[in-house]
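Here's a quick briefing on the charged side chains and the pocket in this one. Have a look at the structure first, then read on.

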Amino acid sequence: MARKPSQRIIPTQGGILQELSLRARLIFRLIADPRVSPWVKLVPIAGLIYWISPFDLIMGIPGIDAVDDVAILYFAQYMFIELCPPEVVLEISKNLAGSNNSVIDNVDSQDEEIVDGEATDITEKSER
């Protein structure tokens, strides 16, 4: 089941620390959920193993060598959430959001309002 780009499961309101905290709690609950495949659960674990390992893709450039660690961690958490069953992610996201379900941007609404209409091109043709 593919999600539309306008539908977001992870809330984006609040500060960056709040969003990071929410993502971490979501990931921990998804890892603990038996409905998520064990193979998919290896993705964030592999990201953490890479992060703590002494091996880096970019080595020797101070300040830049941490970029690959951040990129791998971001990619691992993003892919993990995307590979989990959407209904499980949605359920856990709603539980994390609590009673404030307005934070989740129209994930439940599958029906979009479509307005049927006609367009007419109005151009002036002046003959001189």
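Start with Asp33 and Arg35, whose side chains meet in a salt bridge at 2.8 Å, N to O. Keep in mind that this is a predicted model. The pair is one piece of a network of salt bridges that links Asp33, Arg35 and Glu91, and a search of the whole structure turns up three salt bridges.

**The Asp33, Arg35 and Glu91 network**
- Asp33 counts as buried, because its relative accessibility is 9% and the cut-off for buried is under 20%.
- Arg35 comes out at 43% relative accessibility, so this residue counts as partly exposed.
- Arg35 also forms a salt bridge with Glu91, where the closest N and O atoms are 2.9 Å apart.
- That second pair ties together distant parts of the chain: Glu91 sits in helix α4 (residues 86-97), Arg35 in the loop between α1 and α2, and the two are 56 residues apart.
- Glu91 is partly exposed too, with 38% relative accessibility.

**Arg23 and Glu19**
- The side chains of Arg23 and Glu19 meet in a salt bridge as well, at 3.4 Å from N to O.
- Why can these two pair up along one helix? Arg23 and Glu19 are four residues apart in helix α1, so about one helical turn separates them.
- Arg23 counts as buried, at 15% relative accessibility.

**The largest pocket**
- The largest pocket holds about 460 Å³ of space.
- It is lined by 15 residues, and the closest to its centre are Arg23, Ala24, Ile27, Leu73 and Gln77.
- Three elements give two or more residues each to the lining: α1 (16-32), α2 (38-52) and α3.
- Of these, α1 gives the most, with eight residues.
- Sorted by class, the lining has twelve nonpolar residues, one polar and two charged.

**Asp69, a charge without a partner**
- Asp69 belongs to helix α3, which covers residues 65-83.
- How far away is the nearest side chain of opposite charge? It is Arg23, at 19 Å, and Asp69 is buried yet has no salt bridge.
- Leaving aside neighbours within four places in sequence, Asp69 is in contact with Tyr50, Trp51 and Asp56.

How values were computed: Residues are numbered from 1 along each chain as its sequence is written. This is a predicted model: local features need pLDDT of at least 70, side-chain atom pairs count only at pLDDT 80 or more; totals for chains, interfaces and linings use all residues. Side-chain values use heavy atoms; hydrogens and water are left out. Buried means under 20% relative accessible area, exposed over 50%, partly exposed in between (1.4 Å probe, protein chains only). Lys and Arg count as positive and Asp and Glu as negative; His and the chain ends are not counted. A salt bridge is a side-chain nitrogen of Lys or Arg within 4 Å of a carboxyl oxygen of Asp or Glu. Contact means heavy atoms within 4.5 Å. On a 1 Å grid over the protein atoms alone, a cavity is a set of points where a 1.4 Å probe fits but cannot get out, and a pocket is an open set with protein on both sides within 12 Å along at least five of seven lines; lining residues have an atom within 4 Å of a point. Grid points are joined across faces, edges and corners, and a volume is the space filled by probe spheres set on the points. Ala, Val, Leu, Ile, Met, Phe, Trp, Tyr, Cys and Pro count as nonpolar, Asp, Glu, Lys and Arg as charged, and the others, Gly among them, as polar.
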